[in-house]
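Colleague: I'm new to reading models like this one, and I get lost when everything is on screen at once. Could you pick a single part and walk me through it slowly?

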Amino acid sequence: MLRTHTCGELNIKNVGQKVKLCGWVHSIRDHGNLKFIDLRDRYGVTQIVCSPMEVNEEVWEKLKEIKNEYVISLEGIVVKRPEETVNKKISTGEIEVKLVSFEILNYCKSLPFDVGSNEKISETLRLKYRYLDMRRESFQRNLIKRSDFVFAVREFLKDNNFVEIETPILTKSTPEGARDFIVPSRLNPGKFYALPQSPQLFKQILMIGGFDRYYQIAKCFRDEDLRADRQPEFTQIDIEMSFIDENDIISLVENLLKYSIEKTFEIKVDIPFRRIKYEEAIDKYGTDTPDLRMNVEFMDLTEIFKKSGVMILKEIIDKGGKIKGFFVKDGEKISLKDIEEYNDFVKNSGGNGIGWIKFKGEEIQSPFKKYLKEDILNDIRELPYYSPKGILFFLGGEKEWVTITLKNLIDKMKNKLIEENKFSFVWIVDFPLFEYNEEEQRIQSVHHPFTSPREEDIELLDKEPLKVKARAYDIVLNGIEIGGGSIRINKRNLQEKIFKIIGLNENIYLQRFGFLLESLEYGAPPHGGIAIGLDRLVMILLGEETIRETIAFPKTQKGVCLLTDAPNEVEEQLLKENRIKIDIQKDL
RNA sequence: GGGGCCGUAGUUCAGCGGUCUAGAAUGCCAGACUGUCGAUCUGGAGGUCGCGGGUUCGAAUCCCGUCGGCCCCGCCA
């Protein structure tokens with residue numbers, strides 16, 4: 001070992017010891033005949049002190065060569081700092097190491113950005129020099145927290161009898177769902193593997209193989225456009241269980257999250273989480289990923305405004321439209337200028353504008369004031385979420401448009417509506433099994449085609465498939481979907497029926513999923529599971545705005561790795577061996 | 001496929017109703033300094049204002065295109 005201690009380890013108890021340290025030169029403070037060097041590794045910073053009185057001339061001369069981010073090893077004596085020079089900001093602040101000798105293990109060029117400061121650096125540079133970015137405290141902390149969190153997850157699952165099993169990365173393309181990344185097969189010219197969008201089918205097969213509790217920290221790949229919370233490759237905590245129902249999975253995940261989050265972060269997790277039905281979520285929040293930190297629910301105000309004399313609203317109602325709205329509890333947070341902005345936003349979304357009533361005790365302020373008689377106001381005051389100094393916002397029009405526009409509106413007001421920054425988990429349940437894809441003119445699965453319908457809805461499959469509910473559940477944290485799962489189909493005939501409903505004919509589904517169908521005939525137990533987006537979850541727990549802050553080597557929005565410059569062109573020979581011809585129109 | 005924002009010393013930014021011979025801070029280089037920890041002080045170097053074209057007597061600044069980064073819609077079973 002080149003070192004006896006790390007740079008975060010020494011304290012007053014080590015005074016007098018001769019130690020060896022290794023690390024990066026964090027900063028040098030040169031006072032002429034007295035130099036301080038902060039030596040850093042991932043455990044902390046230790047101050048090295050040296051003066052020409054204390055070291056031999058050769059060492060003192062060589063010290064002049066050292067610059068920031070040089071890697072050095074050194075030997076020295078731990079000494080107590082003079083009382084008035086103790087640094088309370090660092091764990092090693094009570095001591096310093098008096099230099100005896102040192103060695104430069106490697107030099108460092110002039111840096112593209114300052115590793116020692118917390119200054120915001122453009123992400124382009126951070127990604128190109130990721131190894132320097134990683135030396136910075138904030139990003140280092142993120143990766144360490146992620147590691148700790150994953151460890152806690154494994155610990156919990158191990159304690160609960162789960163077996164961690166790896167599934168293939170080179171697997172079969174199944175065109176349902178996201179676009180696949182494909183890999184040519186040299187041994188099978190013209191054929192391709194696909195990278196897994198998730199280990200879905202393998203984990204079901206594992207259930208059939210008798211591993212009734214499986215998990216994996218699984219890499220998944222989807223060739224779709226990137227977002228702040230979406231990367232082409234990402235990691236899921238993938239779980240599957242046999243002989244269980246929805247409540248077992250939900251309760252397992254609640255306990256898993258409580259254990260792992262409380263162990264890793266200073267965050268309290270209260271379980272069980274609230275459950276909201278899909279339809280209710282859409283109706284009250286305009287989305288199936290509601291952010292319950294905002295204390296806001298949409299209400300149908302059509303009946304109330306029917307009685308008002310406001311012509312615009314009356315016309316909307318007569319045409320079959322709806323009036324929906326919501327209260328902002330603390331109306332003082334919203335200025336007339338803000339309302340102006342919201343009004344413009346609604347107009348840009350295709351509406352006439354936003355209606356509003358600001359309550360000030362008995363008084364009100366509203367563009368519709370003269371049409372709002374006491375009985376209507378009294379009805380409004382009876383509504384849930386009313387507060388004497390709140391504002392009611394409302395909007396009329398076609399029901400779905402109203403809901404979506406209200407949802408977009410509360411997103412704009414988000415920072416005024418979130419009262420405390422907590423972590424708000426919610427389950428969304430009772431999803432429909434299918435939805436209609438207008439573009440492709442066909443029925444498709446809301447989750448995936450292996451999701452089981454509710455027992456009581458099976459008879460609806462033939463006549464009214466869109467009314468069938470799924471045994472599926474999504475988990476949402478602060479308005480972001482962090483996971484989802486379902487009870488799966490474990491009977492061949494039901495699975496075949498679902499394939500047919502989503503428009504796969506027998507030839508196709510046998511070719512794509514024949515192996516699954518066959519396995520279902522060999523004693524497939526009832527089973528189900530869930531997948532939790534690890535990068536996203538950690539992102540939220542860390543308070544980060546992008547998933548890239550939780551991934552060591554992420555890609556840019558164009559899917560490029562700025563560190564390695566992937567993707568790149570490959571050797572002609574490799575293309576030949578894989579029987580691939582490139583067909584790109586080169587611009588001239 | 002579409003919409004928006006951004007691109008100026010190594011870095012973070014200012015300048016953008018045309019005059020800039022492009023500034024600041026920090027970093028870098030040289031020198032001074034025995035208690036600093038964002039050390040301090042003195043001096044210095046450092047820029048094809050992403051790239052290409054246009055308008056203009058004159059463009060970092062206005063216009064068009066292009067490249068790159070970010071955010072969003074579509075897409076993500």
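How many of the residues of strand β22 (residues 527–533) are buried, and what does that say about how the strand sits in the rest of the structure?

Modeller: Happy to. Before we zoom in, keep in mind that this is a predicted model, so local features need pLDDT of at least 70 and side-chain atom pairs 80 or more, while totals for chains, interfaces and linings use all residues. Residues count from 1 along each chain as its sequence is written, chains are lettered from A and ligands numbered from 1 in the order written, and side-chain values use heavy atoms, without hydrogens or water.

Now β22. In this strand 7 of the 7 residues are buried, so the rest of the structure largely encloses it. "Buried" is under 20% relative accessible area, "exposed" is over 50%, and "partly exposed" is in between, using a 1.4 Å probe on protein chains only. A "strand" is a DSSP run of E with at least two residues, a "helix" is a run of H or I with at least four, and both are numbered from the N terminus.

Have a look at the two faces of β22, because both are covered. On one side you'll find His527, Gly529, Ala531 and Gly533, and on the other Gly528, Ile530 and Ile532, and all of them are buried.

What runs alongside? Strand β10 (residues 233–242) pairs with β22 in the antiparallel sense over 7 bridges; "pair" here asks for at least two DSSP bridges between the strands. To find your way along that pairing, look for Ile237, which stands opposite Ile532 of β22, and for Ile239, whose bridge partner is Ile530. Strand β21 (residues 480–487) is also antiparallel to β22, over 5 bridges, and there Ser486 stands opposite Gly529.

Zoom out a bit and you'll see these strands in an open sheet of 8 strands with mixed pairing, in the order β6-β9-β10-β22-β21-β20-β17-β11. The edges are β6 (163–164) and β11 (274–277); each has a single partner strand, so one side of each has no neighbour in the sheet.

Next, turn to RNA strand B. It is surrounded by 47 residues, with Asp30, Met53, Thr85, Gly177 and His447 the closest; "near" takes a heavy atom within 4 Å. Of the RNA atoms that come within 4 Å of the protein, sugar and phosphate make up 49%. Both β1 (18–30) and α2 (123–128) supply at least two residues of the surface near the RNA, and α2 gives the most, with 3 residues.

There are some polar contacts to click on too (N or O pairs within 3.5 Å; within protein, one atom must be able to donate a hydrogen and the other to accept it, and sequence neighbours count only if both are side-chain atoms). A backbone N or O atom of Gln557 is 2.8 Å from a phosphate oxygen of RNA strand B. For Val446, a polar backbone atom lies 3.3 Å from a sugar or linking oxygen of the RNA. With Thr124, a side-chain N or O atom is 3.5 Å from a sugar or linking oxygen of that strand.

One last stop is Asn578, in the segment after α18. Asn578 counts as buried at 13% relative accessibility, and its side chain reaches the backbone nitrogen of Arg186 at 3.5 Å.
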